[in-house]
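Here is a set of exercises to work through with the model open in your viewer. Try each task yourself before reading its solution.

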Amino acid sequence: MDAVKPVNEQETTRTGAGLAEQLRQRIADRTATVGVIGLGYVGLPLILTFSEAGFPTVGFDVDVQKVESLRRGRMYIQHLDGARLTRAVSGGRFQATEDFARIAGADVVIICVPTPLTPQREPDMSYVTSTVRQVAAHLREGQLIVLESTTYPGTTDELVRGLLEETGLKCGEQFFLAFSPEREDPGNPSFSTGTIPKVVGGVDQLAGDLAQAVYDTVVKRTVRVRNARTAEATKLVENIFRAVNIALANELKMVFDRMGIDVWEVLDAASTKPFGFMRFDPGPGWGGHCIPLDPFYLSWKAREYGVTPKFIELAGEVNVRMPEYVIEKLTLALNDRRKAMRGSRVLVLGIAYKKDIDDPRESPAFEIIEGLLRLGAEVSYHDPHVPKAPRMRSWPDLPAMSSKPLCEELLRGQDAVVIVTDHKAVDYAAVARHAPLVVDTRGVYRERLENVVKA
Ligand SMILES: NC(=O)c1ccc[n+]([C@@H]2O[C@H](COP(=O)([O-])OP(=O)(O)OC[C@H]3O[C@@H](n4cnc5c(N)ncnc54)[C@H](O)[C@@H]3O)[C@@H](O)[C@H]2O)c1
């Protein structure tokens, strides 16, 4: 299929320029209302940042419970400061609503809804599509629409623009459209929405200018790229880079394990090279809403152009196999102790997808728990950040579980403990002291210990 040509500068009419100038003025004097759709890990910190910069803001979500929490000033994302929300609500510059008719009242509309994969590992654009239809139903002249959800190159130009133009309003003339990917790193205290450089690309020059003007008010640095496709591709490259390097680290772990070499000791040593090396750590698989999903957005779209990116598929194969590898290592370690998996008590330590956060989405912990249950183990878990294991879309049959308090008695009562997530809040020395067998997938223990198996 031929790529749809982005609208270019010449196509932008004087009407467009006039409307853009009005919006630019409202952005400059902070009277433009900023609407954010999807108040999750990305949308909520973003809207708070705009409200703190002095803009009137309206947040939209289909989840009525979230909207209600926000109205009451109750924060539901653990790593965000609740005081920011309280200030935003009491300051009168932030409102949350499930009434999408209020989109008409926003000058800038930013879309931050999920972009998962279907069970066939293809882009699931249903959230973006239904949100854009809602925007289209209330679209008016002079609005800037920005998509932030991670997606394949061409989404903004083809899908979003097409749906919005079904209203009869013309992109670049009556409304403006851009893409700007999010780069949140939840739980990382060194960076926040305002301090992470933000990539911006418009479907035309005016839209790019406007989107840049908006983000310039809240982030230290905006990085302008040629068009929306380039911005979409930039985000995918960042995550593909991580996916491929995590897979390489995981493959090296399995190779070195066979050779009796400790991969973490190798990585500690290799990391002393002051140039040309970037460390990635192996683990029990991959997790989170981005790394296991986003790369497949590119391989899906690339097939339309007759190319198959092999690195992405290979990284997928290696990373997806890791939970099975962990289970194999545990099975062998139990076997060495004359124990079968069936009937063994196994404590999974950490179910969030990475350390020190409360987000369990796509965590390899669930794959491991399901595999252990299938083999007949009695499984429980401890995670200081996830008191209750939520129902997961990909593992609907897992039983309801709650985090067990970590204590000597619990550890001594296990046949094995599997460290899946290395949260700082856990006393790992105590774990090794009391548990009869520990399977360490994160390189928590650098020293060799009798009862610790690295996996
Ligand atoms: N979480 C991250 O660290 C991160 C980082 C970079 C990019 N992203 C990308 O940002 C996007 C959003 O991710 P997230 O982590 O914030 O997801 P999330 O699940 O935390 O939040 C999405 C929100 O959108 C709401 N929602 C779903 N459908 C809706 C609709 N039709 N209308 C209005 N609201 C709707 C949900 O109720 C939820 O509150 C995704 O494309 C993701 O890939 C996420």
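**Exercise 1. Find the residue that stands opposite A416 of β11, then work outwards through the neighbouring strands.**

Step 1. Keep in mind that this is a predicted model. V346 is the residue opposite A416 in β11.

Step 2. Now look at the whole pairing. Strand β9 covers residues 345-349 and is joined to β11 by four bridges, with the two running parallel.

Step 3. Go to the other partner of β11. Strand β12, residues 438-440, runs parallel to β11 and is linked to it by three bridges. Here V417 has V438 as its bridge partner.

Step 4. Return to β9 and look for its pairing with β10. Five bridges connect β9 with strand β10 (residues 378-382), again in parallel. One pair to check is L347 with S380 in β10.

**Exercise 2. Work out which way the side chains of β11 point, and whether β11 and β9 are buried or exposed.**

Step 1. Take strand β11, residues 416-419. A416 and V418 point to one side, while V417 and I419 point to the other.

Step 2. Add burial to that picture: all of these residues are buried, with a cut-off of under 20% relative accessible area.

Step 3. Do the count for β9. Four of its five residues are buried, so β9 is largely enclosed by the rest of the structure.

**Exercise 3. Which residues in the loop between β9 and α12 have a positive phi without being glycine?**

Step 1. Recall the background: most residues other than glycine have a negative phi.

Step 2. Locate D356, which sits in the loop between β9 and α12 (364-374). Its phi is near 65°, a positive value in a residue other than glycine.

Step 3. Move along to E362, in the loop between β9 and α12. E362 is not a glycine, yet its phi is positive at about 60°.

Step 4. Check accessibility. D356 is partly exposed at 21%, and E362 is partly exposed at 22%.

**Exercise 4. Describe how helix α10 packs, and what N239 touches.**

Step 1. List the buried residues of α10 (residues 294-304): D294, P295, F296, Y297, S299, K301 and A302.

Step 2. Find their partners. The buried residues of α10 pack against α6 (155-165), α8 and α11 (310-336).

Step 3. Zoom in on α8, residues 228-258, where N239 is found. Leaving out residues up to four places away in sequence, N239 touches C290, I291, D294 and P295. Of these contacts, D294 and P295 are among the buried residues of α10.

Step 4. Ask how covered N239 is. Its relative accessible area is 6%, so N239 counts as buried.

Step 5. Look just past the helix. α10 is followed by G306, whose phi is positive, near 80°.

**Exercise 5. How far apart in space are Q22 and G142, and V64 and T97?**

Step 1. Start with Q22, in helix α1 (residues 14-28). At 54% relative accessibility, Q22 is exposed, given a cut-off of over 50%.

Step 2. Get its distance to G142. The two are 120 residues apart along the chain, and their C-alpha atoms are separated by 8.1 Å.

Step 3. Repeat with V64, in helix α3 (residues 64-71). V64 is partly exposed, at a relative accessible area of 46%.

Step 4. Get its distance to T97. V64 and T97 lie 33 residues apart in sequence and 8.2 Å apart from C-alpha to C-alpha.

**Exercise 6. Give a whole-chain summary: secondary structure, radius of gyration, surface and charge.**

Step 1. Count elements: the protein chain has 14 helices and 13 strands.

Step 2. Compare sizes. The radius of gyration is 24 Å, close to the 23 Å from the globule rule for 455 residues, so the chain is as compact as a globular protein of that length. Its C-alpha atoms fill a box of roughly 80 × 50 × 45 Å along the principal axes.

Step 3. Turn to contacts. Among those with a separation of 6 or more, 71% link residues 24 or more positions apart.

Step 4. Split inside from outside. Of the 455 residues, 53% count as buried. The chain exposes about 20,600 Å², with carbon and sulfur atoms supplying 53% of that area.

Step 5. Finish with charge. There are 56 positive and 60 negative side chains, and the centres of the two sets are 2 Å apart.

Terms used: Residues are numbered from 1 along each chain as its sequence is written. This is a predicted model: local features need pLDDT of at least 70, side-chain atom pairs count only at pLDDT 80 or more; totals for chains, interfaces and linings use all residues. Side-chain values use heavy atoms; hydrogens and water are left out. The radius of gyration is taken over C-alpha atoms; the globule rule is 2.2 Å times the number of residues to the power 0.38. Buried means under 20% relative accessible area, exposed over 50%, partly exposed in between (1.4 Å probe, protein chains only). Contact means heavy atoms within 4.5 Å. Accessible areas come from the Shrake-Rupley method with a 1.4 Å probe; for residues, only the protein chains shown count as cover. Lys and Arg count as positive and Asp and Glu as negative; His and the chain ends are not counted. The place of a charge is taken as NZ of Lys, CZ of Arg, CG of Asp or CD of Glu. Two strands pair if DSSP finds at least two bridges between them.
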